[in-house]
Protein chains: 4
Amino acid sequence: MKILLTGFEPFGGETINPSFEAIKQLPDCIGSAEIIKVQLPVSFESSGPVLTEALETYQPDAVICVGQAGGYSGIAVERVAVNLRDATAADNCGIAPEDQPVIAGGPDAYFSSLPVKEITAALKHHGIPASVSNSAGTYVCNNVMYTLLHLIRSRNLPIQGGFIHVPYSMEQAAHKTSSVPSMALEHMTKGLELAIDVLIHPN
Amino acid sequence: MKILLTGFEPFGGETINPSFEAIKQLPDCIGSAEIIKVQLPVSFESSGPVLTEALETYQPDAVICVGQAGGYSGIAVERVAVNLRDATAADNCGIAPEDQPVIAGGPDAYFSSLPVKEITAALKHHGIPASVSNSAGTYVCNNVMYTLLHLIRSRNLPIQGGFIHVPYSMEQAAHKTSSVPSMALEHMTKGLELAIDVLIHPN
Amino acid sequence: MKILLTGFEPFGGETINPSFEAIKQLPDCIGSAEIIKVQLPVSFESSGPVLTEALETYQPDAVICVGQAGGYSGIAVERVAVNLRDATAADNCGIAPEDQPVIAGGPDAYFSSLPVKEITAALKHHGIPASVSNSAGTYVCNNVMYTLLHLIRSRNLPIQGGFIHVPYSMEQAAHKTSSVPSMALEHMTKGLELAIDVLIHPN
Amino acid sequence: MKILLTGFEPFGGETINPSFEAIKQLPDCIGSAEIIKVQLPVSFESSGPVLTEALETYQPDAVICVGQAGGYSGIAVERVAVNLRDATAADNCGIAPEDQPVIAGGPDAYFSSLPVKEITAALKHHGIPASVSNSAGTYVCNNVMYTLLHLIRSRNLPIQGGFIHVPYSMEQAAHKTSSVPSMALEHMTKGLELAIDVLIHPN
């Protein structure tokens with residue numbers, strides 16, 4: 001089994017992005033599964049093509065895209081991606097689309113094909129705060145999640161795919177002037193391992 | 001140098017109290033300092049006497065009382081204790097005083113005699129979210145903090161003393177139905193070690 | 001022009017539901033538009049049929065369904081309804097579906113056909129806190145919004161339709177033990193009038 | 001009976017300060033009580049002298065100082081003022097003191113001499129979200145509250161005095177990019193009338 005994990009480069013003035021930092025600490029194999037790690041740009045235009053190329057190159061059995069959700073208290077397993085780009089801040093290429101589709105002509109939304117409830121339950125069972133989220137926003141994270149699910153559905157690929165949001169890391173939170181929730185990177189990595197374990201050993 | 005750390009027993013339906021769990025993991029010596037660990041009851045009536053007895057028994061050079069502040073995102077170094085018991089929920093003995101003083105005739109409040117800014121800065125510098133807080137509430141935590149500072153001031157004891165609040169542990173947060181901030185116990189323990197280090201090596 | 005406004009009966013232990021209280025205070029005519037007011041049950045099973053019957057009876061040109069979003073600070077103009085019933089608490093009929101579709105075989109989601117950005121801007125311009133929301137949840141509110149949009153799309157009806165969430169009323173918030181944001185009912189009514197005005201006078 | 005109400009000028013980039021806007025709308029007499037309205041500068045140095053002069057000029061029987069607490073959901077009746085100036089942002093004169101006392105040699109804190117619980121209960125009873133707060137911060141609001149209570153106590157004046165914080169007005173919240181709680185100015189004014197009524201008609 002081959003599982004692709006993607007994280008993002010830093011954005012919004014941050015010097016790290018906990019999504020890729022957490023992924024980097026994953027082992028290269030978990031049980032019988034090979035773990036492939038790819039960093040995506042925080043770009044509406046190029047994040048989709050980079051993801052698409054990774055799918056074509058590695059032909060994974062499952063894909064978990066991961067992003068930073070500053071202000072969240074726990075790990076959020078996303079349930080829905082919408083066909084919408086609507087940014088209040090520019091991406092790393094200076095682009096801030098408003099009310100644009102991710103894929104012109106695509107359906108309004110796709111549900112994740114990951115077992116979001118099972119993943120959430122596994123994390124909580126192991127002491128990692130987690131919940132199912134019903135909105136991945138309308139920024140680059142949602143753009144990647146929609147692109148992934150559109151690829152899977154439109155090409156009828158035998159891939160389980162979805163998106164997970166992680167909070168700020170402790171280091172990020174410690175350097176802010178106002179109080180925000182956070183999670184240690186090692187616990188994010190542990191959470192991703194547990195999610196992968198759910199995919200390897202489905203109920 | 002002898003430093004007394006106090007934490008609390010569980011209360012409010014929780015099965016653990018992260019304040020004492022974090023303290024239990026501290027080593028018995030940090031540098032040249034001996035660390036003494038005492039668990040206090042969540043009781044308006046008996047928490048003060050137990051603390052007083054510990055001070056008389058161990059005669060510490062510094063005292064850090066620690067309590068749980070459910071809902072906080074980081075470690076809160078308390079700056080003020082008020083002469084007030086005002087509970088919205090009963091303590092572990094079933095007592096819920098309203099608008100009562102901690103010490104009849106005592107001053108309205110005492111400032112902490114810990115270096116609260118230095119401790120906060122040390123924690124943040126090491127990647128542990130922390131802030132100075134201006135209210136320890138009016139429950140048993142404040143009761144203990146006020147009792148400690150009243151003892152120090154009224155007996156003119158050569159003791160640095162104050163109170164630190166810790167968030168829910170990850171395990172506590174993971175088992176709640178709504179999303180709340182949390183911190184891993186090992187990072188709370190690390191935070192307390194850093195606070196102790198500030199006391200051992202003052203600027 | 002005929003505009004249908006729906007609100008809900010109380011639920012979750014509340015004695016009022018601000019959504020229908022706000023609607024009741026609307027005038028029967030706004031400019032040239034006739035305002036029709038219907039209360040919906042907080043029921044996964046019967047809310048859809050009651051809404052469908054109202055559409056067939058009144059044949060409105062536009063429909064704004066309104067619901068309570070306890071904890072919100074302002075008026076939330078919903079952008080997306082998902083084909084999902086997933087309740088953590090029972091509805092007023094004692095039903096708490098998990099992971100069920102609203103309409104079996106329906107698409108994963110529908111975007112609102114209201115001008116959500118124009119409505120939000122109009123409210124803010126008139127001093128009423130408002131924002132576009134990307135999730136109407138997975139409870140009865142979302143159930144009604146999805147049902148409405150499915151009716152419109154599947155029957156190809158010439159109707160603008162969508163959903164607006166209102167915060168707790170001040171009276172509701174005043175009687176809670178913890179602090180929650182709220183809005184006076186008259187300002188919710190004002191907000192709905194402004195939304196209606198956007199529909200009557202499109203840019 | 002003569003009651004002095006003080007509010008503040010705008011600060012922190014805001015164009016209004018809801019505290020004085022709400023006071024301006026109070027009638028000049030409430031029952032048998034004369035209402036005196038004074039605006040204070042957002043200045044650590046001059047707010048105290050302006051307040052002191054107002055007390056000497058008008059010789060009121062009661063004083064309610066009011067300030068803005070951006071982010072609060074309801075009206076907060078402050079219980080404690082601390083002898084501390086500790087600003088993270090400059091006041092309107094460009095001054096940002098750190099760890100300075102309000103009054104050198106003054107006690108660490110004073111409790112409000114207003115009936116804070118009765119005022120809070122009256123507001124809630126009339127549908128205005130309110131709570132007792134245990135910290136007025138360490139900015140100019142606390143500076144004014146401490147100055148007031150120090151004047152009353154040190155001069156042994158027969159004055160009831162304290163501080164009330166109000167949330168952002170709806171207009172302020174409507175123009176922010178992120179969602180924050182708010183209250184309409186007329187409800188703040190209503191809340192202050194209710195507080196005054198408690199002073200006029202004590203239980």
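**Note on a predicted model with chains A to D**

1. Start inside chain D. Strand 5 (residues 75-78) and strand 8 of chain D run parallel to each other and are joined by four bridges. Within this pairing, D:V77 has D:V132 of strand 8 as its bridge partner. The model is a predicted one.

2. Now the whole sheet. Strands 5 and 8 of chain D belong to an open sheet of seven strands with mixed pairing, in the order 2-3-1-4-9-5-8. Strand 2 (29-30) and strand 8 (130-133) of chain D are at the edges. Each has a single partner strand, so one side of each lacks a neighbour in the sheet.

3. Next, the contact between chain D and chain B. Chain D gives 17 residues to it, and chain B gives 17 residues. About 1,400 Å² is buried between the two chains, with 50% of it on carbon and sulfur atoms. D:D108, D:F111 and D:K117 provide 38% of the area that chain D buries against chain B, more than any other three residues.

4. Charge has a part here. Side chains of opposite charge can pair when their charged atoms come close. Ten salt bridges are found across the interface of chain D and chain B. One of them links D:D99 with B:K117, with the closest N and O atoms 3.0 Å apart. Chain D and chain B also have twelve residue pairs in polar contact, both residues being at pLDDT 80 or more.

5. Which elements of chain D give two or more residues to the side that touches chain B? They are strand 6 (80-82) and strand 7 (109-111) of chain D. Strand 7 of chain D gives the largest share, three residues. By class, this side of chain D has six nonpolar, four polar and seven charged residues.

6. The symmetry of this pair is simple to state. A 180° rotation, with 0.0 Å of shift along its axis, superposes chain D on chain B at an RMSD of 0.0 Å. The same surface serves both copies, as 100% of the contact residues of chain D recur in chain B.

7. Chain B also meets chain A. There, 19 residues of chain B contact 19 residues of chain A. The buried area is about 1,500 Å², and carbon and sulfur atoms give 54% of it. Zero salt bridges are found across the interface of chain B and chain A. Six residue pairs are in polar contact across it, both residues being at pLDDT 80 or more.

8. On chain B, the elements that give two or more residues to the side touching chain A are helix 5 (170-174) and helix 6 (185-200). Helix 5 of chain B gives the most, with four residues. This side of chain B has nine nonpolar, six polar and four charged residues.

9. How are chains B and A related? A turn of 180° and a shift of 0.0 Å along the axis lay chain B on chain A with an RMSD of 0.0 Å. The two copies are thus related as by a two-fold rotation axis. In chain B, the C-alpha of B:P181 is nearest the axis, 2.6 Å from it. Here too the same surface serves both copies: 100% of the contact residues of chain B recur in chain A.

10. Some chains do not touch. Chain B and chain C have no contact, and their closest C-alpha atoms lie 9 Å apart. Chain A and chain D do not touch either, with their nearest C-alpha atoms 9 Å apart.

11. Last, salt bridges over all chains: the count is 40. Within chain A, the side chains of A:E45 and A:R85 form a salt bridge, at 3.0 Å from N to O. This pair links distant parts of the chain, 40 residues apart. A:E45 is in the loop between strand 3 (33-40) and helix 2 (47-58) of chain A. A:R85 is in the loop between strand 6 (80-82) and strand 7 (109-111) of chain A.

Notes. Residues are numbered from 1 along each chain as its sequence is written. Chains are lettered from A and ligands numbered from 1 in the order in which they are written. This is a predicted model: local features need pLDDT of at least 70, side-chain atom pairs count only at pLDDT 80 or more; totals for chains, interfaces and linings use all residues. Side-chain values use heavy atoms; hydrogens and water are left out. Contact means heavy atoms within 4.5 Å. Buried area is the accessible area (1.4 Å probe) that two parts lose on being put together, summed over both. A salt bridge is a side-chain nitrogen of Lys or Arg within 4 Å of a carboxyl oxygen of Asp or Glu. A polar contact is a pair of N or O atoms within 3.5 Å; within protein, one must be able to donate a hydrogen and the other to accept it, and residues adjacent in sequence count only if both atoms are side-chain atoms. Ala, Val, Leu, Ile, Met, Phe, Trp, Tyr, Cys and Pro count as nonpolar, Asp, Glu, Lys and Arg as charged, and the others, Gly among them, as polar. Copies are superposed by least squares on the C-alpha atoms of residues with pLDDT of at least 70 in both. Two strands pair if DSSP finds at least two bridges between them.
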